[in-house]
Amino acid sequence: MNEHRKPSRPVRKVRTNLALPEDVVADAKALGINMSAIASDSIAMEIAAEKERRWKQENAEAMAYWNKRYEHDGHPLQNLIDDAWRDLKSST
């Protein structure tokens with residue numbers, strides 16, 4: 001997780017203030033830890049998780065419909081999957 005790669009294109013950064021425990025800041029500085037990069041990565045992960053949570057919530061009804069349909073009708077391409085497995089087994 002501590003991998004900090006250079007972005008493929010320049011990223012415009014904005015200064016902001018974060019309130020952190022004094023001992024955390026002191027230890028990070030002493031160890032040469034880039035707090036800005038870690039904070040940025042952590043916030044980006046939290047954003048991604050929240051977007052995923054919201055997408056799942058917004059699409060729960062559609063996903064339930066499709067899950068129920070698959071349970072009832074099976075996978076729409078199941079015959080192709082079965083044929084591929086059969087061909088694979090017969091060729092060995």
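In this predicted model, the side chain of serine 90 places a polar atom 3.1 Å from the backbone oxygen of aspartate 87. Serine 90 belongs to helix H4, and with a relative accessibility of 60% the residue counts as exposed, because the limit for that class is set at over 50%. Between the C-alpha atoms of serine 90 and valine 25 there is a distance of 64 Å, the two residues being 65 positions apart in sequence. Helix H4, which comprises residues 78-90, also contains tryptophan 85. The side chain of tryptophan 85 contributes to a nonpolar surface patch, the other members of which are Leu77, Leu80, Ile81 and Leu88, and the accessible area of the five residues together amounts to about 490 Å².

Helix H2 covers residues 35-58. For its 24 residues a span of 34 Å is expected at 1.5 Å a residue, and the separation of the end C-alpha atoms, also 34 Å, agrees with this value. The N-terminal end of H2 is capped by asparagine 34, of which a side-chain oxygen is located 3.2 Å from the backbone nitrogen of serine 36.

Five salt bridges are present in the structure. In general terms, side chains of opposite charge can pair when their charged atoms come close. Within H2, glutamate 50 and arginine 53 form one such bridge, in which the closest N and O atoms are separated by 2.6 Å; the two residues are three positions apart, or about one turn of the helix. Glutamate 50 also meets arginine 54 in a salt bridge, with an N to O distance of 2.8 Å, and here the spacing is four residues in H2, again about one helical turn. Glu50, Arg53 and Arg54 are thereby joined in a network of salt bridges. As for the exposure of these residues, glutamate 50 has a relative accessibility of 27% and counts as partly exposed, and the corresponding values are 43% for arginine 53, likewise classed as partly exposed, and 46% for arginine 54, which is also partly exposed. These assignments follow because the partly exposed class lies between the limits of 20% and 50% relative accessible area.

A further salt bridge is found in helix H3, where the side chains of arginine 69 and aspartate 73 meet at 3.7 Å, N to O, a distance that qualifies because the criterion requires the nitrogen and the carboxyl oxygen to lie within 4 Å. Arginine 69 and aspartate 73 are four residues apart in H3 (residues 60-73), so that about one helical turn separates them. Arginine 69 is partly exposed, at 38% relative accessibility. The 14 residues of H3 extend over 20 Å from the first C-alpha to the last, which is close to the 20 Å expected at 1.5 Å a residue. Just after H3, glycine 74 adopts a positive phi of about 85°.

Two aromatic pairs were identified. The first to be described joins tyrosine 65 and tryptophan 66, whose ring centres lie 5.1 Å apart and whose planes stand at 80°, so that the arrangement is edge-to-face. In the other, tryptophan 66 pairs with tyrosine 70 in a tilted arrangement, with 6.2 Å from centre to centre and 45° between the planes. The tilted class applies to this second pair because its angle falls neither under 30 degrees, as stacking would require, nor over 60 degrees, as an edge-to-face geometry would require. Tryptophan 66 and tyrosine 70 both belong to H3 and are four residues apart, about one turn of the helix. Tyr65, Trp66 and Tyr70 make up one aromatic cluster. Tyrosine 65 has a relative accessible area of 47% and is partly exposed; tryptophan 66, with 36%, is partly exposed, and tyrosine 70, with 38%, is also partly exposed.

Asparagine 67 is likewise located in helix H3, and its relative accessible area of 43% places it in the partly exposed class. The C-alpha atom of asparagine 67 is 15 Å from that of glutamine 57, the two residues being ten positions apart in sequence.

Notes:
Residues are numbered from 1 along each chain as its sequence is written. This is a predicted model: local features need pLDDT of at least 70, side-chain atom pairs count only at pLDDT 80 or more; totals for chains, interfaces and linings use all residues. Side-chain values use heavy atoms; hydrogens and water are left out. Buried means under 20% relative accessible area, exposed over 50%, partly exposed in between (1.4 Å probe, protein chains only). Patches are made of residues with over 30% relative accessible area and no salt bridge: like charges are joined within 9 Å, nonpolar side chains (Val, Leu, Ile, Met, Phe, Trp, Tyr) within 5 Å. Accessible areas come from the Shrake-Rupley method with a 1.4 Å probe; for residues, only the protein chains shown count as cover. Rings of Phe, Tyr and Trp (its six-membered ring) pair if their centres lie within 6.5 Å; planes under 30 degrees apart count as stacked, over 60 as edge-to-face and the rest as tilted. The expected span of a helix is 1.5 Å times one less than its number of residues. A polar contact is a pair of N or O atoms within 3.5 Å; within protein, one must be able to donate a hydrogen and the other to accept it, and residues adjacent in sequence count only if both atoms are side-chain atoms.
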